[in-house]
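Here is a quick walk through a single chain for anyone who wants to get their bearings before heading back to the bench. Have a look at the model, then read on.

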Amino acid sequence: MDSFIGIRFKKKTAKRFQEFSRTHFKSHTEALETMLDFFFYNEISPKEKLGPTGRTIEASIKKRINAAIAIMRDMEKSQTKPTVAMLELLFQTEEPKKKPLILEKKMVEEKPNVRFQEKQNYTNEP
């Protein structure tokens, strides 16, 4: 059996540690050893700040994503759509109108206006 030693803590701190220890570890000794090992192996001090939290990182990432989306939309409006429209106009094929050659003369047969015409059926029926 291991021997124990008493350490004096403020009551509020001791209560916090006991609650934490009960939720995550089997014993208070195991909790304290794990915390000390964490700081020792990672070579950090408990007084140091580890950097931005997850919420601040998430907020900055969202801002960057929104900025990238805005840039892409602007590019689409100002560059992509007008360029596509110009290319479509270039590639539209329209059949050229057939114009008569200058040398070619069209002879239009003009029918004379006839005032009187013979009957086509030779029977005397009206």
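## Helix H1, out in the open

Of the 14 residues of H1, the number buried is 1, so this helix lies largely in the open. Keep in mind that what you're looking at is a predicted model. H1 takes in residues 11-24 and reaches 20 Å from its first C-alpha to its last, close to the 20 Å expected at 1.5 Å a residue.

## The chain as a whole

Zooming out, the chain has 3 helices and 0 strands, and its elements run α-α-α from the N terminus on. Buried residues make up just 2% of the 126 residues in the chain. As for surface, the chain exposes about 14,300 Å², and carbon and sulfur atoms supply 58% of that area.

## Helix H2 and a negative patch

Next up is H2, which covers residues 28-41. How does its span compare with what 14 residues should give at 1.5 Å a residue? The expected figure is 20 Å, and the end C-alpha atoms of H2 are 20 Å apart, so the two agree.

H2 is also where you'll find Glu30. This residue belongs to a negative surface patch, together with Asp2, Glu33 and Asp37. Patch members need over 30% relative accessible area. Glu30 has 33%, so it counts as partly exposed.

## An unusual spot after H2

Just after H2, have a look at Glu43, which takes a positive phi of about 50°. What makes that worth a second glance? Most residues other than glycine have a negative phi. Glu43 is not a glycine, yet its phi is positive, near 50°.

Glu43 lies in the loop between H2 and helix H3. Is this residue buried or exposed? With a relative accessible area of 71%, Glu43 is exposed.

## Helix H3: a salt bridge and a row of Ile

H3 runs over residues 54-91. Side chains of opposite charge can pair when their charged atoms come close. The structure holds 1 salt bridge, and Lys62 forms it with Glu58, the closest N and O atoms being 3.5 Å apart. Why can these two be linked to a turn of the helix? Lys62 and Glu58 are 4 residues apart in H3, so they are separated by about one helical turn. Glu58 is partly exposed, at 41% relative accessible area.

H3 has a nonpolar side to its story, too. Ile57 lies in this helix, and Ile57, Ile61, Ile65 and Ile69 make a nonpolar surface patch of about 320 Å². Ile57 sits at 38% relative accessibility, so it counts as partly exposed, and that value clears the cut-off of over 30% for patch members.

Conventions:
Residues numbered from 1 in each chain as written. Predicted model: local features only at pLDDT ≥ 70, side-chain atom pairs only at ≥ 80, totals over all residues. Heavy atoms only, no water. Patch = residues over 30% accessible without salt bridge, like charges linked within 9 Å, V, L, I, M, F, W, Y side chains within 5 Å. Areas by Shrake-Rupley, 256 points an atom, 1.4 Å probe, with all protein chains shown as cover. Salt bridge = Lys/Arg side-chain N within 4 Å of Asp/Glu carboxyl O. Lys, Arg positive; Asp, Glu negative; His and termini not counted. Charge placed at Lys NZ, Arg CZ, Asp CG, Glu CD. Buried < 20%, exposed > 50% of the residue type's maximum accessible area, 1.4 Å probe, protein only. Expected span 1.5 Å × (residues − 1).
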